[in-house]
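Visitor: Please pick one part of this model and look at it closely. Then go on from there to the other parts that can be described in similar terms.

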Amino acid sequence: MEMGSGKIVILGAGVTGLVLAGRLAQAHGDRVVVIEQEGLLGGLAATLSRQGFFYDLGSHRLHPDNLPRADRYIRGKLKIKLLRRPRRGALSFQGRFLDYPPRFGNFFRSLPFQEASAIFASYWRRRAASPGEPANYEELMIRTVGRRLYQLFYRDFAEKLWGLPADRIALDGIKRRRTFLDPNALWRMLSGAARHFYYPQAGIGEITAKLAQDALARGAVILKSSKVTGLQRIGNRITGVSFIGPGGRPDTFAAQQVFSTIAVDDLYALVYGRGGPAGSLQWRDLRIAYFHVDQGLKDRRETFYFPSLGLKIGRVSQMNRYSPFLNPDAGKVVLTVEVPLSEQDSLWRMPDDEFLRFCLDELNKVKIIQEPFSADPVFALSLKKAYPVYALGWREKFSAMYTELNRLENLYALGRKGLFLHCNIDQCMVQALSCADFILAGGRDKTVWDKQVADFLLFSARD
Ligand SMILES: Cc1cc2nc3c(=O)[nH]c(=O)nc-3n(C[C@H](O)[C@H](O)[C@H](O)COP(=O)(O)OP(=O)(O)OC[C@H]3O[C@@H](n4cnc5c(N)ncnc54)[C@H](O)[C@@H]3O)c2cc1C
């Protein structure tokens, strides 16, 4: 990389921004500056700590098939001890809990005989039920698992997670999601999914906290509570980054290189202003409610999924099953309740105390909390743009925006939100490590980087 007078500016201190900061600071020390709007580092993979309790921003775990480079980085370089935990989730279905990931016997035994027969029958008829090439998520699912299973399991949960009816959800995004919403996942899981996962003792944020320590130790500067408000441009180069620092103080850095991990549409608006393609992508937001449950739940499983549209809660996690070190008192277990939403939903605007009561009502309704167990509401928080929504036509909108931004020779968009990518932590780490390799090797030919981005866009997330 040619060195001028400006800074190497990284927008956002999530996993991607922090890995990049650590690697680039190794060569460039305090010329590397990370600007983060929140007071807490780590982005979506942060862990809040309050009065001895640790709270992740929703259920996070490391999957056994993590990309090897990321795995080596976490265990080897960051020296994080990972707990190996049994994976024993539950999927709520017609008032019962089925094992999740599903097990063949448990899955079909839990269904009434008539239901199981209807599923098999519609599975054999699936191609006739959805002839031709599938054009959307609904058609793909019917073609893959049959109409009955689709109606029972997939239709509602897809709409609940993404906030769109399944026939308005595109194929290309969905195919890249290896969860039970992915057409092949059920068969894969039934035939033997991994029944364990890995987790850092002090919460998923132990990873991002160590990444931040590493970047700081190498001389990087990390500005917290500082929101990027504009990028200046001359011709096809970014020349400066403006931000509002703590206490509302505006400031600007001259920029040599800019790496953005913020949402691609926000970045577009910062460079080119609102309007045009900015704002055309859809995202799903998330509200999270935290409870303390005396002695934990009667049901000892770690994660409960609620696909039904009749409930707002989508996933409930019993955090002592992830790590026993997340609560100072073994008798008080942190329960994390995730509610996927959009800003226009009334639940999004509901005051925190009301929202906590609402979630508690739903927990009671699904009989997760039963006498003599009780749950104390602790706090709630909201995450904007938690999930990219692959609505029909998203690819054209994303490509138009990304291509225009990518023409700027010293600007790189990457990470989950930078590439509008439903991806995992390990995949973010690999993006950042690959980007640092490219830059540290001279970073002259952006088409080389573009080829790597094309590979990243094929990543599929695991749940
Ligand atoms: C509910 C949930 C559960 C998940 N579970 C798992 C899991 O089990 N396993 C797994 O591997 N992955 C999981 N993931 C995915 C994982 O959290 C993300 O892929 C990863 O953390 C994304 O990192 P990132 O740095 O690319 O983006 P982010 O974490 O989104 O970081 C971007 C940063 O930019 C900052 N920012 C935005 N705008 C500005 C601005 N204008 N100025 C300054 N800063 C700004 C944000 O505050 C944020 O800190 C989950 C994600 C969610 C939402």
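Guide: Strand β13 runs parallel to strand β19 (residues 411-413), and three bridges join the two. Strands here are DSSP runs of E with at least two residues, helices are runs of H or I with at least four, and both are numbered from the N terminus. Two strands pair if DSSP finds at least two bridges between them. The model is predicted, so local features need pLDDT of at least 70 and side-chain atom pairs count only at pLDDT 80 or more, while totals for chains, interfaces and linings use all residues. Residues are numbered from 1 along each chain as its sequence is written.

In β19, A413 is the bridge partner of S260. On the β1 side, S260 of β13 stands opposite L11. Strand β1 (residues 7-11) is joined to β13 (residues 250-260) by five bridges, and these two strands run parallel. The pairing of β13 with strand β12 (residues 237-244) is in the antiparallel sense and also has five bridges. In that pairing, P250 of β13 has I244 opposite to it. β12 and β13 form a hairpin with five residues between the strands, in which G247 takes a positive phi near 75 degrees. Strands of a sheet pair through backbone hydrogen bonds, either parallel or antiparallel.

Another sheet can be described in the same way. Seven strands make up an open sheet with mixed pairing, in the order β7-β6-β15-β16-β17-β14-β18. β7 (96-100) and β18 (375-389) are at the edges with a single partner strand each, so each has one side without a neighbour in the sheet. On average, neighbouring strands of this sheet are turned by 20 degrees against each other, direction ignored. At the β7 edge, strand β6 (residues 89-93) runs antiparallel to β7, with five bridges between them. F93 has R96 as its bridge partner in β7. Helix α13 (residues 352-365) lies across β14 (282-294), β17 (332-341) and β18, and runs at about 95 degrees to β18. For this and the helix pairs below, axes are lines fitted to C-alpha atoms, for helices over the stretch in contact, and angles run from 0 to 180 degrees between N-to-C directions. Residues are in contact if their C-beta atoms, placed from the backbone, lie within 7 Å.

Three helix pairs follow. Helix α1 (residues 15-28) packs against helix α10 (residues 205-217) at an angle of about 25 degrees, with the axes 8 Å apart. α1 and α10 are therefore roughly parallel to each other (angles under 35 degrees count as roughly parallel, over 145 as roughly antiparallel, 65 to 115 as roughly perpendicular and the rest as oblique). The crossing of α1 past α10 is left-handed, a term used if the near helix is turned anticlockwise from the far one by less than a right angle, with clockwise giving right-handed. From α1, the residues V15, L18, V19, A21, G22 and A25 meet T208, L211, A212, D214 and A215 of α10. By class, this contact of α1 with α10 has eight nonpolar, two polar and one charged residues. Nonpolar covers Ala, Val, Leu, Ile, Met, Phe, Trp, Tyr, Cys and Pro, charged covers Asp, Glu, Lys and Arg, and the others, Gly among them, are polar.

Helix α11 (residues 264-272) and helix α14 (residues 394-406) cross at roughly 50 degrees, and their axes come within 10 Å. That makes α11 oblique to α14. α11 passes α14 in a left-handed crossing. V264, D265, L267, Y268 and V271 of α11 make the contact with F398, M401, Y402 and L405 of α14. The contact of α11 with α14 has eight nonpolar, no polar and one charged residues.

For helix α2 (residues 68-77) and helix α16 (residues 425-440), the axes come within 8 Å and cross at roughly 90 degrees. That makes α2 roughly perpendicular to α16. R69, A70, D71 and Y73 of α2 are in contact with D426, M429, V430 and L433 of α16. These residues divide into five nonpolar, no polar and three charged.

As a whole, the protein has 17 helices and 20 strands. Its C-alpha atoms fill a box of roughly 70 × 55 × 40 Å along the principal axes.

Terms used: Contact = placed C-beta atoms within 7 Å.
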